[in-house]
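Let's work through some exercises together. Have the sequence and the 3D view ready, and try each task before you read its solution.

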Amino acid sequence: MTQPDFRTPELDDLARRIIPEQHFEFPTETARDRFFADTRMLDVKQRVHNAYRTNPRSMVDHMIGNLQLTGKEDLLDLGCGNGFILEHLRPHLADGTITGLDNAPAVLDAARRRLQGTATPCTWIESSADELTMLGDDTFDRVMANYMIHYVPDLDRCFAGVRRVMRPGGTFQLTTDRPDSMLEMYDVHFQALRALAAPDDLFKATPKGRLSLETGAAQLEQHFEHVEKVTWQDQLRFTDPEPFMEFYEVGHNHCCASSVPDSRLDDTFYAQLRDLVKAEVVRRINADGHFSVTKFTGSFLCR
Ligand SMILES: C[S@@+](CC[C@H](N)C(=O)[O-])C[C@H]1O[C@@H](n2cnc3c(N)ncnc32)[C@H](O)[C@@H]1O
């Protein structure tokens, strides 16, 4: 199936101008205790990504296709979150098994409830993805790590663990973003930060710098013989500012600006930030008919 291509010279130029070299980095505990202490962030992101996409094929269907399932595989999902992807994938594993692993108990519990009573036997493990010693050698035909690897403290230990638990002939799918993914969101965000004379340390890119779609192959090749990159694009289009604002505030935590409690930045700062971002989104909707957010994402398929 031909994929849409949303790249333009203007977007490439914008990316060069606005995506900072420095990226946010969070301890895995911040993710567990703030972002994923409940399912709200994931629920908002998943709903908005799906409802406002313009690529007719969803990213989830694309990822499931990459796995080339026969229906009988044993699959391990690292950082399974609230089970959104597993719910869609499960019918493709009617005679297989699913093991979901996450270090945040609230989202793991949501995944458990989501798949409860289905035909596919499921096992749920609360652990960090770099601590897989509870799993036996050669246990899984497929392993996935979707949009979570930037939180894992020890990447080499994680990949060595995946290699060990994966059967010969298996596939490890690691899905992540290019650093300039969703750059229009960063553009309106940085513009508003500048207008507020925000501190320099808020001008950082998504926390994907440790392993992005651009840099990941070299790290993975140290553990896997074959590493193939399969890219994926989409463009979210908003004709109403509110769903975008929820995506920006709740789903992306003001582009990570409010990720760490900061005594310098009070509620008034974030209210002003929100107002400025919204005003610019409204201006673009009025000028262009919609506000676009372009996604440059994809998967490494490791064998
Ligand atoms: C952005 S969500 C992605 C969820 C799911 N894979 C998806 O794509 O919908 C990141 C997930 O990784 C989990 N996570 C963060 N650090 C982790 C770690 N060290 N080990 C396992 N899971 C982790 C979070 O709790 C969260 O559920």
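Before the first task, here is a rule for helix pairs: angles under 35 degrees count as roughly parallel, over 145 as roughly antiparallel, 65 to 115 as roughly perpendicular and the rest as oblique. Keep in mind that this is a predicted model.

**Exercise 1. Two helix pairs**

Task: Find how H1 and H8 are oriented to each other, and then do the same for H8 and H11.

Solution:
- Step 1. Helix H1 covers residues 9-18, and its axis lies 10 Å from that of H8, at an angle of about 45 degrees.
- Step 2. An angle of about 45 degrees is in none of the ranges for parallel, antiparallel or perpendicular helices, so H1 and H8 are oblique to each other.
- Step 3. H1 passes H8 in a left-handed crossing. On the H1 side, Leu11, Leu14, Ala15 and Ile18 make the contact, while H8 contributes Leu183, Glu184, Tyr186, Asp187 and Phe190.
- Step 4. Now turn to helix H8 (residues 183-195) and helix H11 (residues 267-288), whose axes are 9 Å apart at an angle of about 130 degrees. H8 and H11 are therefore oblique too.
- Step 5. This time the crossing of H8 and H11 is right-handed. Among the residues in the contact are Asp187, His189 and Leu193 of H8 and Phe269, Leu276 and Arg284 of H11.

**Exercise 2. Aromatic rings**

Task: Which kind of aromatic pair do Phe172 and Phe224 form, and which kind do Phe269 and Tyr270 form?

Solution:
- Step 1. A pair of aromatic rings is described by the distance of the centres and the angle of the planes.
- Step 2. A search of the whole structure finds 15 aromatic pairs. In one of them, the centres of Phe172 and Phe224 are 5.5 Å apart with 35 degrees between the planes, and the pair is tilted.
- Step 3. Look at where these two rings sit: Phe172 is in strand E5 (residues 166-177), and Phe224 is in the loop between helix H9 (216-221) and strand E6 (227-238). The pair links distant parts of the chain, 52 residues apart.
- Step 4. Phe172 is buried because its relative accessibility is 0%, and Phe224 is buried as well, at 2%.
- Step 5. For Phe269 and Tyr270, the centres are 5.1 Å apart and the planes meet at 85 degrees, so this pair is edge-to-face. Phe269 is buried with a relative accessible area of 9%, and Tyr270 is buried with 14%.
- Step 6. Ring pairs also join Tyr52, Phe238, Phe244, Phe247, Tyr248 and Phe291 into a cluster.

**Exercise 3. A residue in a strand**

Task: Is Thr171 buried or exposed, and which residues does Thr171 touch?

Solution:
- Step 1. Locate Thr171 in strand E5.
- Step 2. Thr171 has a relative accessible area of 5%, so this residue is buried.
- Step 3. Leaving out residues up to four places away in sequence, Thr171 touches Asp141, Arg142, Val143, Met166, Leu301, Cys302 and Arg303.

**Exercise 4. Positive phi**

Task: In which loop do Asn253 and Cys256 lie, and what are their phi values?

Solution:
- Step 1. Most residues other than glycine have a negative phi.
- Step 2. Asn253 lies in the loop between helix H10 (241-251) and H11, and Cys256 is in the loop between H10 and H11.
- Step 3. Asn253 has a positive phi of about 55 degrees, and Cys256 has a positive phi of about 75 degrees.
- Step 4. Asn253 counts as buried at 12% relative accessibility, and Cys256 is buried at 10%.

Key
Residues numbered from 1 in each chain as written. Predicted model: local features only at pLDDT ≥ 70, side-chain atom pairs only at ≥ 80, totals over all residues. Heavy atoms only, no water. Phe/Tyr/Trp six-rings, centres within 6.5 Å; stacked < 30°, edge-to-face > 60°. Helix = DSSP H or I, 4+ residues; strand = E, 2+ residues; numbered from the N terminus. Buried < 20%, exposed > 50% of the residue type's maximum accessible area, 1.4 Å probe, protein only. Axes fitted to C-alpha atoms, helices over the stretch in contact; angles between N-to-C directions. Left-handed = near helix turned anticlockwise from the far one by under 90°. Contact = heavy atoms within 4.5 Å.
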